[in-house]
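Please open the model in your viewer and follow the stops below, selecting each group of residues as it is named.

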Amino acid sequence: MSVLGFAILAGLILAGALVVVLSENIVHAAVALAFTFFFIAGLYVLLGSPLLAVIQFAVNAAAIPILTLFIIMTTQSRRVRPAAGVFYLVAGVLAVVFLAGLWAYLGAPQEAFRPLSPEGLGARLLTVTLLPFEVASVLLLLAMVGAVVLARRREA
Amino acid sequence: MITLGHFLALSAVLFAIGLFGVITRRNLIAVLMSVEILLNAAAIAFAATAAYKDPVFFSGQLFALFIMVVAAAELSIGFAILLNVFRHTGSAATDVVEEMRG
């Protein structure tokens with residue numbers, strides 16, 4: 001696994017995430033979100049799981065930004081008013097504290113890994129995690145019906 | 001050589017960025033996008049830990065899969081609620097949502 005590839009992907013992911021969080025134009029933020037998720041799919045390829053990469057690309061890098069852009073256009077909120085300075089202060093302190101804690105916790109294990117085939121992942125998905133799989137399908141159905149019910153126009 | 005620590009560090013930084021966004025953003029759409037970043041940071045940590053520490057069963061990658069499912073469900077419901085808030089108040093800013101009942 002190439003260090004250079006990981007460094008480039010990590011840099012692009014972090015840059016995209018920063019644009020999502022800091023850009024005042026919310027359309028720019030949504031497009032940056034799509035690119036961030038696309039590069040995260042590349043990260044999954046590096047991790048040896050092409051199945052996750054494909055699903056990440058189809059769901060997170062394609063469907064979710066399109067939905068987000070639809071909502072942005074519907075609600076006509078192109079620009080974001082900046083928050084009060086105290087929010088930036090609190091958020092910055094929280095993020096740095098969280099990061100420092102996690103950094104102190106991180107070791108540097110040195111094992112290599114071997115990739116698992118998509119067939120193996122799919123077989124495990126349908127045997128060991130069959131119950132969560134079915135629960136996830138019910139959850140998706142509930143979310144779909146719930147979203148339709150919540151978002152429909154009520155006749156006055 | 002890339003170690004597990006690299007992936008976890010990337011995940012931690014990404015999570016911190018998302019946390020920053022959730023707190024500072026004042027538009028509900030932007031808050032939901034930041035939550036998506038948080039969920040993806042967690043999914044990266046799960047998938048990387050599975051690849052390095054669990055080379056036989058890869059359970060963490062299944063967790064990452066379920067995180068994507070829950071993220072999609074959360075986002076669709078979140079946007080439906082946001083549409084209602086927008087119709088009710090004419091705005092998608094966080095500070096217009098002050099009461100529970102419409």
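Begin with the largest nonpolar core of this predicted model, a set of 67 residues in which those with the most contacts are Leu14(B), Ile29(B), Met33(B), Ile44(B), Ala47(B) and Ala48(B). To see where this core comes from, colour the elements that give it two or more residues: in chain A these are helices H1 (3–22), H2 (26–46), H3 (50–75) and H4 (85–105), and in chain B they are H1 (4–24), H2 and H3 (59–89). H2(B) gives the most to the core, with 17 residues.

Next, select residues 28–53 of chain B, which form H2(B), a helix of 26 residues that reaches 37 Å from its first C-alpha to its last, close to the 38 Å expected at 1.5 Å a residue. This helix is mostly covered, with 21 of its 26 residues buried.

Now add H2(A), whose axis lies 11 Å from that of H2(B), the two packing at an angle of about 10 degrees. Because angles under 35 degrees count as roughly parallel, H2(A) is described as roughly parallel to H2(B). Among the residues that make this contact are Leu33(A), Phe37(A) and Ile40(A) on H2(A), and Met33(B), Glu36(B) and Asn40(B) on H2(B); by class, the contact has 13 nonpolar, 1 polar and 1 charged residues.

Finally, widen the selection to both chains, where 57 residues of chain B are in contact with 71 residues of chain A. On the side of chain B that touches chain A, H1, H2 and H3 of chain B each give two or more residues, and H3(B) gives the most, with 19. Coloured by class, that side has 42 nonpolar, 12 polar and 3 charged residues.

Terms used
Residues are numbered from 1 along each chain as its sequence is written. Chains are lettered from A and ligands numbered from 1 in the order in which they are written. This is a predicted model: local features need pLDDT of at least 70, side-chain atom pairs count only at pLDDT 80 or more; totals for chains, interfaces and linings use all residues. Helices (H or I, at least four residues) and strands (E, at least two) are DSSP runs, numbered from the N terminus. The expected span of a helix is 1.5 Å times one less than its number of residues. A residue is buried if 20 or more other C-beta atoms lie within 10 Å of its own, exposed if 12 or fewer, and partly exposed in between; C-beta atoms are placed from the backbone. A nonpolar core is a set of buried Ala, Val, Leu, Ile, Met, Phe, Trp, Tyr and Cys residues joined through C-beta atoms within 7 Å. Two residues are in contact if their C-beta atoms, placed from the backbone, lie within 7 Å. Ala, Val, Leu, Ile, Met, Phe, Trp, Tyr, Cys and Pro count as nonpolar, Asp, Glu, Lys and Arg as charged, and the others, Gly among them, as polar. Axes are lines fitted to C-alpha atoms, for helices over the stretch in contact, and angles run from 0 to 180 degrees between N-to-C directions. Angles under 35 degrees count as roughly parallel, over 145 as roughly antiparallel, 65 to 115 as roughly perpendicular and the rest as oblique.
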